Amino acid sequence: MFALPRLTVATVAAATLALAATSNSAFAQKKYDAGATDTEIKIGNIVPYSGPASAYGVVGKAMGAVFQRVNDQGGINGRKINFISYDDAYSPPKTVEQARKLVESDEVLLTFGVLGTPSNSAIQKYLNAKKVPQLFLATGATKWNDPKHFPWTMGWLPSYQSEGKIYAKYLMKDHPGKKIAILYQNDDFGKDYLKGIKEGLGDKASSIVVEESYELSEPTIDTHIVKMKALNPDVMVYFTTPKFGAQALKKVGELGWKPVQIIANVSASTASVMKPAGFENAQGVISAAYAKDASDPQWKDDAGLKDFDSLLAKYLPEVNRTDSSLMTGYNMALTMVAVLKNAGDDLTRANIMKQAASIKDLEIPGLLPGIKISTSPTDFAPISQLQMMRFDNGRWQLFGDIISDDIGG
Amino acid sequence: MSTIQETVAKTDAAAVDAPPKKSMALGRTTSLVMLVALLIVPLFVKNFVIFQLTMLLIYGIAVLALNILTGGSGQFSLGQSAFYAIGAYAAAILIEIGNVNYVLTLPIAGIICFAVGFLFGFPALRLSGVYLALATFALAVAMPQLLKLGVFEPWTGGVQGLVVTKPDAPFGLPISQDMWLYYFTLVVALVIYIASVNLLRSRSGRAMMAIRDNEIAASAMGVDISMYKTLAFGVSAGITGVAGALGAIAVQFVAPDSYTFQLAIALFLGMVVGGVGWLPGSLAGAAFIVFVPNIAEGISKGLSGAFFGVLLFLVIYLVPHGARQGAIYAETLLHKLRRS
């Protein structure tokens, strides 16, 4: 009589073991941190929908449209994206409040695409302490590429420093030995650019005859231009914001002076810089780009632009499609989607960072052909390639190869 | 002060009733209920809500400071964000560069802002009403740009701002940083609140209110107008500076863009919504500026500004005297209930 219970116990034990083993292996593939379930992935975002920088609010709208479309097409690996986007009015204390709300109240898996250098600076320490990914930031500061100190933070835009280096490469190749004059805005933005071009020039940095800075508060930079002309440089480089970029091009044109002119990508807008400066003054100006310009007719039949336009037509019919911020939001959201797809069923914060740090030659429809997104555990700068372009008869013409610059970690 | 002025002031005090208590503070029971609520609520909510409550108290202090200036001495200011910024930067620089204990930074920030406010009060003497509002507005607009100046960059961090380390609870208390900071802020807020109520009840406070009600009459009574006006400015700026310092510690970050004139407008709004001249209303006003934008955003993201405007309009239309009106209404209702 004793045999039976013993047998039963053994059977049950064996069965339990077997069950435990199988269920273990079944669960092994699916791992979640807060914000991810079998049906949903929660993504947090903060963008200035109101306040002084509200023009950038469309970045958030474009991102929302991309995620909405992904959801309508069945989601990512069967999970819908719950994109929670808050307004911080470009005020850092508000960014902190909203970031804490996202992490502690909404319990998002990660934050994505937060806009602005001060906003991201304000929450970087907090998010890294909480070990919540702070992915793909809409700011070009170089400091986001610091995986050693901030392993949970990764930028997205090509950094100002990389862009500066790319101009250096171009100058050394196409205009060797020329005298260079640089005008830069006296803040982190201008200084990042300056650092980049000087590093890029290396021992050729002595060909810089003057580094002239101006304050954001100055009404006009005409005097700086006149002062620089007196030194008779061959190349003028402008690391300026749009208003001052237009002023500089215009003044140089008025002086009847024809140096080689390079203007930062930030100020390369046809509508807000080239047009006010006067197309005849802007003729021949050189800059660099990484994304397609929706207003440029050369992309009329481009598949990427068609996808972009169909997205806008369906989900954001009210926006102005030539607004370059839309393209930024669109490209960033597609990068995020690619990372989430790669993460598969292992939706832990650690794995998200691992996937984000191992993107290999990812092509996004809104980027220029040949520009690829790549990251590694020591390189947290997703885009570090640009292509040179020249302003010719009222629009930008791309020329030359894709120039890459990895500043590394 | 001369003896004559002294006597005048004294007879003045005896002849006129002290301002009714209700006009400045809550009744004892209500105060206790509020205090207990402020003490207990954090124990039951998430850290994020505690952080919001801390910000509520901090903005409450800043609104209270404006209330002393406007409600007390009748001077307008749209420049409180500038004093708030100075306080915040003073604390941030002292903590991060000077390695000063965060508790000590509060009085230092307060003193610096008191000095700045007192000095600003002198040119302000020549201006009154809307002109003074504009002059202070200029201060608020200038401040973020001044903070960005390259000259100060080694200390202020320029546009990048400064990251501030959040203090841990002392004596190994087993509570979170957020909770500790909340109670710390609560203590500071209570001290400032009680001191402010007493200030307005004191002779100085009466002098300020006399200036507010009728400047010529006050000066005929022997009140030193310029002294009390600048004093009001100094005290208000000093308290705002303490709020700014607390804000920097709670947010853990200071940057020029944090202290734009929008903050000054928000504080002004908080004062009006809370009830001008009614100190407890400051907390209600602060609640309005902290929570209502979130509510508006919850209603519609694209039209959050418009909904905020609608809510503000409703408040002004329904309770033009702010939270004070609501409080008085509630009290009469309670009395009626008790009687019936």
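# A walk through chains A and B

Start by selecting A:A288 and A:M388: the two are bridge partners, with A:M388 sitting in β13(A). This is a predicted model, in which local features need pLDDT of at least 70 and side-chain atom pairs count only at pLDDT 80 or more, while totals for chains, interfaces and linings use all residues. Residues are numbered from 1 along each chain as its sequence is written, with chains lettered from A and ligands numbered from 1 in the order in which they are written.

**Stop 1: the β13 hairpin**

Widen the selection to strand β11 (residues 286-289) and strand β13 (residues 385-392) of chain A, which run antiparallel and are joined by four bridges. Strands here are DSSP runs of E with at least two residues, helices are runs of H or I with at least four residues, and both are numbered from the N terminus. Two strands count as paired if DSSP finds at least two bridges between them.

Now add strand β14 (residues 395-404) of chain A, which is antiparallel to β13(A) and joined to β13(A) by eight bridges. For a marker on this ladder, pick A:M389, whose bridge partner in β14(A) is A:L398. β13(A) and β14(A) form a hairpin with two residues between them. Click on A:N393 in the turn to find a positive phi of about 50°.

**Stop 2: the five-stranded sheet**

Next, show the open sheet of chain A, where five strands run in the order β3-β2-β4-β5-β6 with parallel pairing. β3 and β6 of chain A are the edge strands, each with a single partner strand, so one side of each has no neighbour in the sheet. Ignoring direction, neighbouring strands of this sheet are turned by 20° against each other on average; the axes are lines fitted to C-alpha atoms, for helices over the stretch in contact, and angles run from 0 to 180 degrees between N-to-C directions.

Walk across the sheet pair by pair:

- Strand β2 (residues 40-47) of chain A pairs with β3(A) in the parallel sense over eight bridges; look for A:I41 opposite A:I81 in β3(A).
- Strand β4 (residues 110-112) and strand β5 (residues 134-137) of chain A run parallel and are joined by two bridges; A:T111 has A:Q134 in β5(A) as its bridge partner. From β4(A) the chain passes through α4(A) to β5(A) in a right-handed β-α-β crossover (with the strands pointing away from the viewer, the path from the first strand over the helix to the second runs clockwise).
- β5(A) also pairs with strand β6 (residues 153-155) of chain A, in the parallel sense over two bridges; A:L137 stands opposite A:G155 in β6(A).

**Stop 3: two domains of chain A**

Colour chain A by domain: domain 1 is 40-157 + 299-377 and domain 2 is 161-289 + 389-404, with bounds from an automatic or database domain assignment. Their C-alpha centres lie 30 Å apart. Six residues of domain 1 of chain A are in contact with six residues of domain 2 of chain A, where contact means C-beta atoms, placed from the backbone, within 7 Å.

**Stop 4: where chain A meets chain B**

Bring in both chains: the contact takes 23 residues from chain A and 25 residues from chain B. On the chain A side, β3 (80-87), α3 (92-105) and α4 (117-130) each supply at least two residues, and α3(A) gives the largest share, eight residues.

**Stop 5: a helix pair in chain B**

Finish with helix α3 (residues 47-73) and helix α11 (residues 225-251) of chain B, which pack at an angle of about 175° with their axes 9 Å apart. That makes α3(B) roughly antiparallel to α11(B), a label given to angles over 145 degrees.

Conventions. Contact = placed C-beta atoms within 7 Å. Parallel < 35°, antiparallel > 145°, perpendicular 65-115°, else oblique.
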